[in-house]
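Q: Could you take me on a close look at the largest pocket, and then show me how the helices of this chain meet one another?

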Amino acid sequence: MKGLKFIIAGILFGIVMSKSEAISWFRIQEMFRFQSFHMYGIIGTAVVLGIIITYVIKKYKLRDYQGNPIVFTPKEMSVSRYLIGGIIFGLGWALTGACPGPMFVNIGFQYWSILIAVVGALAGTYMYGVIKDRLPR
């Protein structure tokens, strides 16, 4: 029962993703071809909400679901790490037509071919975990 709120949040996320057409391969291709503002509006809304929520968490010193304080640690500012990571993520997104969240929503819609992308994403994440200590910083 403790995980019920997370299941409900996931269901709501899936509904929002499907109703906003963010899981549509065609919408994602339109975005990468600069043919439509639709996905940029969704991403922009998510960025603005993230900024507002981060501000509220910091201002009111909110805690996580276990009662621990939420701490934001500063990240190392390095152009190359964000550029290379962004290119890899963007290529995967453009090739599969789905980013991580909507991939799982597509599974919920029984688009089974997305399982290839999910397995690839999980394998890539695992491989990064294996080699991350050997990568230059």
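A: Happy to! Keep in mind that this is a predicted model. The largest pocket holds about 1100 Å³ of space. Its lining is made of 28 residues, and those closest to the pocket's centre are Ile84, Gly85, Ile88, Tyr128 and Leu135. If you have the structure open, those five are a good place to start.

Where does the lining come from? Helix H4 (79–96), helix H5 (100–108) and helix H6 (114–131) each supply at least two of the lining residues. H4 gives the most, with nine residues. Sorted by class, the lining of the largest pocket contains 16 nonpolar, eight polar and four charged residues.

Now let's step back to the chain around the pocket. The protein chain has six helices and zero strands, so to speak an α-α-α-α-α-α run when you read from the N terminus on. Along the principal axes, its C-alpha atoms fill a box of roughly 40 × 40 × 30 Å.

A database record adds another layer here. In an unreviewed entry, UniProt lists residues 38–57, 82–105 and 111–131 under "transmembrane region". In the model, residues 82–105 are 88% helix and 0% strand, with 27 Å between the end C-alpha atoms. Residues 111–131 are 86% helix and 0% strand, and there the end C-alpha atoms are 32 Å apart.

Let's return to H4, the helix that gives the most to the pocket lining, and look at a neighbour it meets. The axes of H2 and H4 come within 9 Å and cross at roughly 130 degrees. The two helices are therefore oblique to each other. On the H2 side, the residues that meet H4 are Trp25, Ile28, Gln29, Met31 and Phe32, and on the H4 side they are Gly90, Trp93, Ala94 and Thr96. This contact has six nonpolar, three polar and no charged residues.

H2 also has a contact with H3. Here the axes of helix H2 (residues 25–32) and helix H3 (residues 38–60) come within 8 Å and cross at roughly 90 degrees. That crossing angle makes H2 roughly perpendicular to H3. From H2, the contact uses Arg27, Ile28 and Met31, while H3 brings His38, Met39, Tyr40 and Ile43. By class, the residues of this contact are five nonpolar, one polar and one charged. You can spot Ile28 and Met31 of H2 in the contact with H3 and again in the meeting with H4.

Finally, look at H5, which is another contributor to the pocket lining. The axes of helix H1 (residues 4–19) and H5 come within 10 Å, crossing at roughly 95 degrees. That makes H1 roughly perpendicular to H5. Phe13, Gly14 and Met17 of H1 make this contact with Gly101, Pro102 and Val105 of H5. Four of the residues in the contact are nonpolar, two are polar and none is charged.

To retrace the tour, begin at the pocket centre with Ile84, Gly85, Ile88, Tyr128 and Leu135. Next, follow H4 to its meeting with H2, and then go from H2 across to H3. End at the contact between H1 and H5.

Conventions. Residues are numbered from 1 along each chain as its sequence is written. This is a predicted model: local features need pLDDT of at least 70, side-chain atom pairs count only at pLDDT 80 or more; totals for chains, interfaces and linings use all residues. Side-chain values use heavy atoms; hydrogens and water are left out. Axes are lines fitted to C-alpha atoms, for helices over the stretch in contact, and angles run from 0 to 180 degrees between N-to-C directions. Helices (H or I, at least four residues) and strands (E, at least two) are DSSP runs, numbered from the N terminus. Angles under 35 degrees count as roughly parallel, over 145 as roughly antiparallel, 65 to 115 as roughly perpendicular and the rest as oblique. Contact means heavy atoms within 4.5 Å. Ala, Val, Leu, Ile, Met, Phe, Trp, Tyr, Cys and Pro count as nonpolar, Asp, Glu, Lys and Arg as charged, and the others, Gly among them, as polar. On a 1 Å grid over the protein atoms alone, a cavity is a set of points where a 1.4 Å probe fits but cannot get out, and a pocket is an open set with protein on both sides within 12 Å along at least five of seven lines; lining residues have an atom within 4 Å of a point. Grid points are joined across faces, edges and corners, and a volume is the space filled by probe spheres set on the points. UniProt positions are given in the numbering used here, feature names are shortened, and annotations may be inferred rather than shown by experiment.
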